[in-house]
Amino acid sequence: MQDADPILEITDVAYRWPGRAGFSLTVPHVAVAVGESVLLLGESGSGKSTFLSLICGTILPERGKVDIAGVDITALSGGARDKVRAEQIGVIFQQFNLLPFGSVMDNILLPLRFAPARRKRAGNATVEASHLCSALGLPAGVTSAKATALSVGQQQRVAVARALIGQPPLIIADEPTSALDANSQIAFLDLLFEQTTTHNTSLLMVSHDPRLGERFDRVIRMEDIAQIERVAA
Ligand SMILES: Nc1ncnc2c1ncn2[C@@H]1O[C@H](COP(=O)(O)OP(=O)(O)OP(=O)(O)O)[C@@H](O)[C@H]1O
């Protein structure tokens, strides 16, 4: 049996931050299979967030290919890249990035605004959002609350619901457990894996913490997948 195409494939990518910082990153090859969970470890400043930004298409490499669901996003216009990201990727940021004045429901539905196919998959989106909230252990009636009125742990669950709604095939998570204590970290990963396993969603998560590795199909390290160069200003 032939393996399905990877959901994510990076080939011979190079990127250099403009300006005086002089940080450059080269990644020969990384692929994430459909349904696979991968933990990306690396020390502070090793370029993990830069790497995730290249995958999300918010920055463009100087050379190389970034294939998302078989589409090389480096060949697309900015608008077309935004569309691929909205359709294919659920993103969980370190600081959650919730809209402060929006309700929980507004926040969860946000990615569907820019992604018609994802919105269609979500069916009745408000019902789906409420299901996700209850699956993620948020209290009933939370959807009308202001997102920032919630506890940090609850805000994080809202960020996860926003990433999962409409079942994007790839979830990218940038140190989503860094604001949590050890018990909450375990509970958070339980919830995340429950959802990604149910829908055969691929997960690429960044962390500093190698202890999380046993929960993932594969662990990769920045120093093994990338060459980085820091040039003094
Ligand atoms: N917006 C930016 N503009 C210019 N240089 C940047 C920018 N973001 C990151 N860099 C450079 O890229 C380097 C790598 O940063 P990056 O945030 O990708 O690392 P990281 O591994 O995610 O770090 P951390 O674990 O501390 O979040 C930084 O040292 C900095 O020099």
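Started with β3 and β8: they run parallel, and I get five bridges joining them. One register point for my notes is Ser37, whose bridge partner in β8 is Leu203. Reminder to self: this is a predicted model.

Next I looked at the other neighbour, β7. β7 and β8 also pair in the parallel sense, over five bridges. Ala173 stands opposite Met205 of β8 there. To get from β7 to β8 the chain goes through helix α7 (residues 182-198), and I noted this β-α-β crossover as right-handed.

How much of β8 is buried? Six of its six residues are, so the rest of the structure largely encloses the strand. I checked both faces: Ser202, Leu204 and Val206 are buried on one, and Leu203, Met205 and Ser207 are buried on the other. That split goes with the usual pattern, in which side chains of a regular strand alternate between the two faces of the sheet.

Then the whole sheet. It is open, with five parallel strands in the order β6-β7-β8-β3-β9. β6 (89-92) and β9 (218-221) sit at the edges with a single partner strand each, so one side of each has no neighbour in the sheet. From one strand to the next, the twist averages 15 degrees. At the β6 edge I found four bridges to β7 (residues 170-174), with Ile89 partnered by Leu170.

Last, α1 and the ligand. Helix α1 lies across β3, β6, β7 and β8, at about 155 degrees to β7. α1 (residues 48-56) also gives the most to the ligand shell, three residues. Of the 12 residues around the ligand, I have Trp17, Ser44, Lys48, Ser49 and Thr50 coming nearest. By class, I logged eight polar, three nonpolar and one charged in that shell.

Terms used. Residues are numbered from 1 along each chain as its sequence is written. This is a predicted model: local features need pLDDT of at least 70, side-chain atom pairs count only at pLDDT 80 or more; totals for chains, interfaces and linings use all residues. A residue is near a molecule or strand if its C-beta atom, placed from the backbone, lies within 6 Å of it. Helices (H or I, at least four residues) and strands (E, at least two) are DSSP runs, numbered from the N terminus. Ala, Val, Leu, Ile, Met, Phe, Trp, Tyr, Cys and Pro count as nonpolar, Asp, Glu, Lys and Arg as charged, and the others, Gly among them, as polar. Two strands pair if DSSP finds at least two bridges between them. Axes are lines fitted to C-alpha atoms, for helices over the stretch in contact, and angles run from 0 to 180 degrees between N-to-C directions. Two residues are in contact if their C-beta atoms, placed from the backbone, lie within 7 Å. A residue is buried if 20 or more other C-beta atoms lie within 10 Å of its own, exposed if 12 or fewer, and partly exposed in between; C-beta atoms are placed from the backbone. A crossover is right-handed if, with the strands pointing away from the viewer, the path from the first strand over the helix to the second runs clockwise.
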